[in-house]
Each structure stands twice: as structure tokens, then as C-alpha cells.
Amino acid sequence: MTSPLQHINLRNPIHFLAVGFGSGLIRPAPGTWGSVVGLLLGWFLLQYLNYSFFFILSVLCFWLGCYLCQKTADDMGVHDHGAIVWDEIVGIFFVLLAIPVLSPFWCLVAFGLFRFFDILKPYPIRYFDHKLESGFGIMLDDVLAAIYAILVIFLLRLFC
């Protein structure tokens, strides 16, 4: 039996993006490595883009990710394989939009909260993660984890 990872070709731009420029192939915790790439890429982009444009870019990356993740999952023969981390990259993009200042502290808060909710998968994240077997489903659970993280950030900003 072949490993799903044997079906990944990093020369294929769809696979390359879906596995987060290769970060999804790092073990252990490929989702965490993909989130690190998303955090660094988002931080870099926010140095040069305004928040409105970064939001639009994030939404476009979400819709692109629906295709990238579905195609790569199909090629691997496994739904939402751990190596597919484009969804983590886009999820952390949305959380970065909620932080009050692009500082190391707030970036770490964004990262920690996003990873917490992405791993824990509280309701309804786990439900959608199991029910939606498509690229949209792969992307949606991370956007929902981002929404939970954003809500906590708003509460921190309100009460701290």
C-alpha cells in the first residue's frame, strides 16, 4: 500500500500551495508548521498592504483554497490529509486582521488562539469537519477556528 504523501509532487503548483510551500510535510504537527508559514507570510504582507486589501486577498485565498485542497486531497486519495495546510495559512490570515497592532505579542496571541481552536475543534467546527468532505469543508473548519480566535481577541481587547 502506498502512502498518500507519495502522491504529492512539489513541482505541481497546486500541491505546492496546498501543502503550504512544503511546510505541511514537516513532522510532527504539520498544521502548526503551516500556521507558522501563514503567520510569517501574513505579517510580511501586512507590512505592505492595508487591511482592506489584505482582507480581500484572504477571501480570495479562501476560495482558491477550496480548489487547491480538494484537488490535492483527491490526488492523495485521502480527505483532509494533515499535509494539506493551505487552510491553516488562510485561517491565520483572518485572525491577523483582528489584532489591534501588528506586534510580536499580538501575533503570538493570534497564533496560539488559532492553533488552540483548530486543534480543539469545538462545536460546530468538529461537526462541519466530519460532514463536509470537500475542499470547502477543508477550508471551512479553519475559518471557523479563526472566528473563535477572533472572538477571544475582541474580548481581550474589550476587557484588558
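I will talk about one helix pair and some aromatic contacts in this predicted model.

Local features are taken at pLDDT of at least 70 and side-chain atom pairs at pLDDT 80 or more, while totals for chains, interfaces and linings use all residues. Residues are numbered from 1 along each chain as its sequence is written, and side-chain values use heavy atoms, without hydrogens and water.

Let me start with the helices, which are DSSP runs of H or I with at least four residues, numbered from the N terminus. The axes of α2 (residues 30–48) and α3 (residues 51–76) come within 9 Å and cross at roughly 140 degrees, the axes being lines fitted to C-alpha atoms over the stretch in contact, with angles from 0 to 180 degrees between N-to-C directions. The two helices are therefore oblique to each other, given that under 35 degrees counts as roughly parallel, over 145 as roughly antiparallel, 65 to 115 as roughly perpendicular and the rest as oblique. In α2, Gly 42, Leu 45 and Leu 46 meet Tyr 51, Phe 54 and Leu 57 of α3, where contact means heavy atoms within 4.5 Å.

Phe 54 brings me to the aromatic pairs, whose ring centres (for Trp, of the six-membered ring) lie within 6.5 Å, with planes under 30 degrees apart called stacked, over 60 edge-to-face and the rest tilted. Twelve such pairs are found in the whole structure. Among them, Phe 54 and Phe 93 form a tilted pair, 5.0 Å centre to centre with 50 degrees between the planes, and this pair links α3 to α4 (residues 86–96) across 39 residues. Both Phe 54 and Phe 93 are buried, that is, under 20% relative accessible area with a 1.4 Å probe and protein chains only, where exposed is over 50% and partly exposed lies in between.
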